[in-house]
Amino acid sequence: MRKYFVVLAAAAVASLLISAVAPAAGSGRVIRFLEVDNGSADVFTDADHNNRGSAGDSFVASPVLYAWAKGGGRGARIGHAKIMCTLASASGAFCQGTFFLPGGTIQGESYTPLASRIKVAVTGGTGAYAGVRGTFTSRSIRDARDADGNFVSLSADVIRLLP
């Protein structure tokens, strides 16, 4: 049994050393996009059944990602995201998200205040983004209701990958 733990520990240390010296795939790249969430795939779990956001409640969002068009408008669809947050309080949450982009995915997670501007750590990726690190920043541009009364949120997002 002890031999099993020693081998496991050695593998973990080797893995950390390899990831620490391996060059990140990001190469200082900046990815900008618009995030549109129309609430159609959103799920809210009211863990304590008090009909308001409180610690332990969670929500899932599935926004669509669009390229920035010249003049600041919405360009072509470039992907989508899956985001899950668990509230730590009425004003902050621990969030995890995966951005599905051409060439691979980028993952991020962090505690963040629930505000019009959030910043989350980029913790990895797949495909062209394997091994990336950096930051994801989102700034709310507009929250509104569409013609059917559904909530629609528009955010300007930037992913900055470390070199």
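Start by selecting β7 and β8: these two strands make a hairpin, with 3 residues between them. You're looking at a predicted model, by the way. Colour residues 104-113 for β7 and 117-125 for β8, and you'll see an antiparallel pair joined by 4 bridges. To line up the two strands, pick Glu109 and look across to β8, where Ala121 stands opposite.

Next, turn on the surface and find the largest pocket, with about 780 Å³ of space. Show Glu35, Asp37, Phe59, Ile118 and Ser153 as sticks; of the 29 lining residues, these lie nearest the pocket's centre. Several strands each supply at least two lining residues, among them β7 and β8 from your last stop, plus β1 (30-37) and β10 (151-161). Which strand gives the largest share of the lining? That's β9, with 5 residues. Colour the lining by class and you get 15 nonpolar, 9 polar and 5 charged residues.

Now for the rings: there are 2 aromatic pairs to find. Select Phe33 and Phe99, a tilted pair at 5.8 Å centre to centre with 55° between the planes. Phe33 sits in β1 and Phe99 in β6, so this contact ties together parts 66 residues apart in sequence. Keep Phe99 and add Phe136: the ring centres are 4.7 Å apart and the planes meet at 40°, so this pair is tilted too. Phe136 belongs to β9, 37 residues away from Phe99 in the chain. Together, Phe33, Phe99 and Phe136 form a cluster linked by ring pairs. Are these rings buried or exposed? Phe33 and Phe99 are both buried, and Phe136 is buried as well, at 7% relative accessible area.

Last stop: select Arg74 and Tyr66. The charged end of Arg74 sits over the Tyr66 ring, 4.3 Å from the ring's centre.

Notes: Residues numbered from 1 in each chain as written. Predicted model: local features only at pLDDT ≥ 70, side-chain atom pairs only at ≥ 80, totals over all residues. Heavy atoms only, no water. Pairing = 2+ DSSP bridges. 1 Å grid on protein atoms, 1.4 Å probe; cavity = no way out; pocket = protein on both sides within 12 Å on 5 of 7 lines; lining within 4 Å. Points joined across faces, edges and corners; volume = space filled by probe spheres on them. Nonpolar A, V, L, I, M, F, W, Y, C, P; charged D, E, K, R; others polar. Phe/Tyr/Trp six-rings, centres within 6.5 Å; stacked < 30°, edge-to-face > 60°. Buried < 20%, exposed > 50% of the residue type's maximum accessible area, 1.4 Å probe, protein only. Lys NZ or Arg CZ within 6 Å of the ring centre and 35° of its normal.
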